[in-house]
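Me: Please take a close look at one part of this model, the second largest pocket. Then set that part against the rest of the chain.

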Amino acid sequence: MRARKRIENQAIGLLPLLLFMILDNYLSYKLSFVVGIIVCALCLSLYQTLSKGRIYHFMLLQSGLTLILYSIFFTLSLEPVLFIYSPLITEVLLVVVLAFCGFTKRLAFSRLRASNLSAYERSRLHSTLSEFYFVVQLTQSLYTLHLFAVLLYSIFPEHMTDLRTEYLLHRVLGILIGLFVIFYEQLRISFMRERLQKEVWLPVLGDNGKVIGCIARSVSQSLRKKYYHPVVRIVVVCQGMLYLVKRAENELVSPIQFDHPLRSYVLFRKSIEQTVKDLINQKIPGVAHNLRFLVRYTFENDRVKHLVSLYTLRVTSEEQLKHHLAYGKLWTIQQIETNKSKGVFSEYFEKEYPYLRSTVLLADNRLRQSEPTDQKIPVVTGLSDNSITSKSLITSPSIEKRTSVRTL
């Protein structure tokens with residue numbers, strides 16, 4: 001997230017070239033070139049010194065390389081050509097440089113993936129390279145269209161041309177294109193930053209269950225099963241029955257199938273315990289004291305990979321459920337057994353039910369028959385992000401064989 005917030009406008013690197021093209025309208029091409037190359041060198045050194053390597057302006061390198069290639073024409077005795085067509089020659093050289101740069105995209109990203117940089121630095125550099133290659137493609141396309149328009153105009157009959165249009169095409173339009181790219185990229189980055197501020201960020205877990213980074217939920221959902229995220233699920237028990245509701249139509253897993261009513265992602269920089277408390281206080285306030293931790297396991301299918309923290313919440317009144325959780329109903333053990341494995345329940349629930357039947361439902365029935373009972377499910381407190389460790393995980397893909405209540 002922080003890497004995305006530090007995205008810089010790569011198109012600013014075109015300014016030395018634009019300065020050269022502007023000055024060429026008023027000064028000699030040699031003096032304009034000297035000013036442009038000096039400004040480019042100063043910008044590169046200043047960015048390197050002031051940012052201490054934290055900001056990468058790759059487009060400045062392309063501008064510098066274009067001006068260096070332009071200097072070769074000084075040795076070819078082409079002064080009349082340079083005097084008239086310096087802006088167009090600069091555009092041609094820039095298009096060639098950017099075209100060659102485009103071929104390095106795959107190599108650049110492959111070397112970045114193989115680098116020894118930290119996850120944050122690699123993410124930041126990946127974002128910068130993505131923006132850079134976007135600007136490269138946009139700039140190359142627009143200047144190529146401009147050069148094609150100039151070429152097309154040059155074959156028009158003389159009676160269809162005039163000096164004003166020629167001046168606009170040769171010396172003005174190229175500058176306007178560069179300014180447009182800078183302005184457009186700035187608007188695009190501003191819009192992107194505004195979207196990122198509204199984005200929901202999820203922690204990314206390693207194979208050992210520890211948080212190794214974060215990613216936007218929208219991005220994670222578009223990349224199936226690529227990232228490992230923590231989620232919480234709360235089993236609502238009432239009078240020996242399970243309260244289930246239908247999942248939404250836009251759910252990634254088991255849409256429009258019955259599941260537990262309380263479930264949520266654990267957001268980045270938020271503990272599991274706080275997520276559970278907020279979820280209960282939002283949906284069924286006043287019953288958090290009946291919350292118990294059950295088990296933690298890994299759920300995985302062809303779409304997602306989640307570290308599930310499963311809790312149970314005992315509620316005594318069905319009216320309380322109907323008031324706070326609409327569109328659900330209580331299911332008896334017999335009803336669940338009858339409809340199991342028929343596409344009625346979610347994949348999560350199908351995996352959890354054998355464990356729930358032998359622990360939660362059994363314990364609830366005994367509690368209702370005789371209180372106190374010896375088989376009380378222990379309360380788990382003090383959960384935090386640090387509790388997502390390999391010591392506290394049940395990483396088996398199935399929990400059906402886990403017949404005892406586990407604590408962290």
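Reply: Start with confidence, since this is a predicted model. In the protein chain, the mean pLDDT is lowest in helix α1, residues 2-5, at 42. It is highest in strand β5, residues 258-259, at 94. The chain averages 82, and 85% of its residues score at least 70. Two stretches need care. Over residues 1-6 the pLDDT stays under 50, and the model gives them 15 contacts beyond four places in sequence. Residues 373-408 are also below 50, with 86 contacts beyond near neighbours in sequence. Where pLDDT is low, predicted coordinates should not be read in detail.

Now the pocket. The second largest pocket holds about 910 Å³ of space. Its lining has 31 residues. Nearest the centre lie Arg-217, Glu-251, Arg-263, Ser-264 and Tyr-265. By class, the lining counts 16 nonpolar, 6 polar and 9 charged residues.

Which elements build the wall? At least two lining residues each come from α9 (217-222), β3 (228-238), β4 (241-246), β6 (262-265) and α10 (272-283). The largest share is that of α10, with 5 residues.

Next, the loops that join some of these elements. The loop between β4 and β5 holds Ile-256 and Gln-257. Most residues other than glycine have a negative phi. Ile-256 is not a glycine, yet its phi is positive, at about 55°. Its relative accessibility is 46%, so Ile-256 counts as partly exposed. Gln-257 has a relative accessible area of 18%; the cut-off for buried is under 20%, so Gln-257 is buried. Which residues does Gln-257 touch? Leaving out residues up to four places away in sequence, Gln-257 has two runs of partners. One is Val-245, Lys-246 and Arg-247. The other is Gly-343, Val-344, Phe-345, Ser-346 and Glu-347.

The loop between β6 and α10 holds Arg-269. Here too phi is positive in a residue other than glycine, near 65°. Arg-269 has 65% relative accessibility; exposed means over 50%, so Arg-269 counts as exposed.

Now the wider chain. It has 14 helices and 9 strands. Buried residues make up 42% of its 408 residues. Take contacts between residues at least 6 apart in sequence: 71% of them join residues at least 24 apart.

The largest nonpolar core has 39 residues. Met-59, Tyr-70, Leu-129 and Phe-132 touch the most other members. Two or more core residues come from each of α2 (15-23), α3 (29-51), α4 (58-71), α5 (79-102), α6 (105-113), α7 (119-154) and α8 (163-198). The largest share, 10 residues, belongs to α7. Met-59 shows how distant parts of the sequence meet. Not counting residues up to four places away, Met-59 touches Gln-10, Gly-13, Leu-14, Leu-98, Phe-132, Val-135 and Val-136.

Apart from that core lies another, of 26 residues. Its members include Leu-294, Leu-310, Phe-345 and Val-360. Phe-345 ties back to the loop described above, as one of the residues that Gln-257 touches.

Definitions and conventions. Residues numbered from 1 in each chain as written. Predicted model: local features only at pLDDT ≥ 70, side-chain atom pairs only at ≥ 80, totals over all residues. Heavy atoms only, no water. 1 Å grid on protein atoms, 1.4 Å probe; cavity = no way out; pocket = protein on both sides within 12 Å on 5 of 7 lines; lining within 4 Å. Points joined across faces, edges and corners; volume = space filled by probe spheres on them. Helix = DSSP H or I, 4+ residues; strand = E, 2+ residues; numbered from the N terminus. Nonpolar A, V, L, I, M, F, W, Y, C, P; charged D, E, K, R; others polar. pLDDT = per-residue confidence, 0-100. Contact = heavy atoms within 4.5 Å. Core = buried A, V, L, I, M, F, W, Y, C linked by side-chain atoms within 4.5 Å. Buried < 20%, exposed > 50% of the residue type's maximum accessible area, 1.4 Å probe, protein only.
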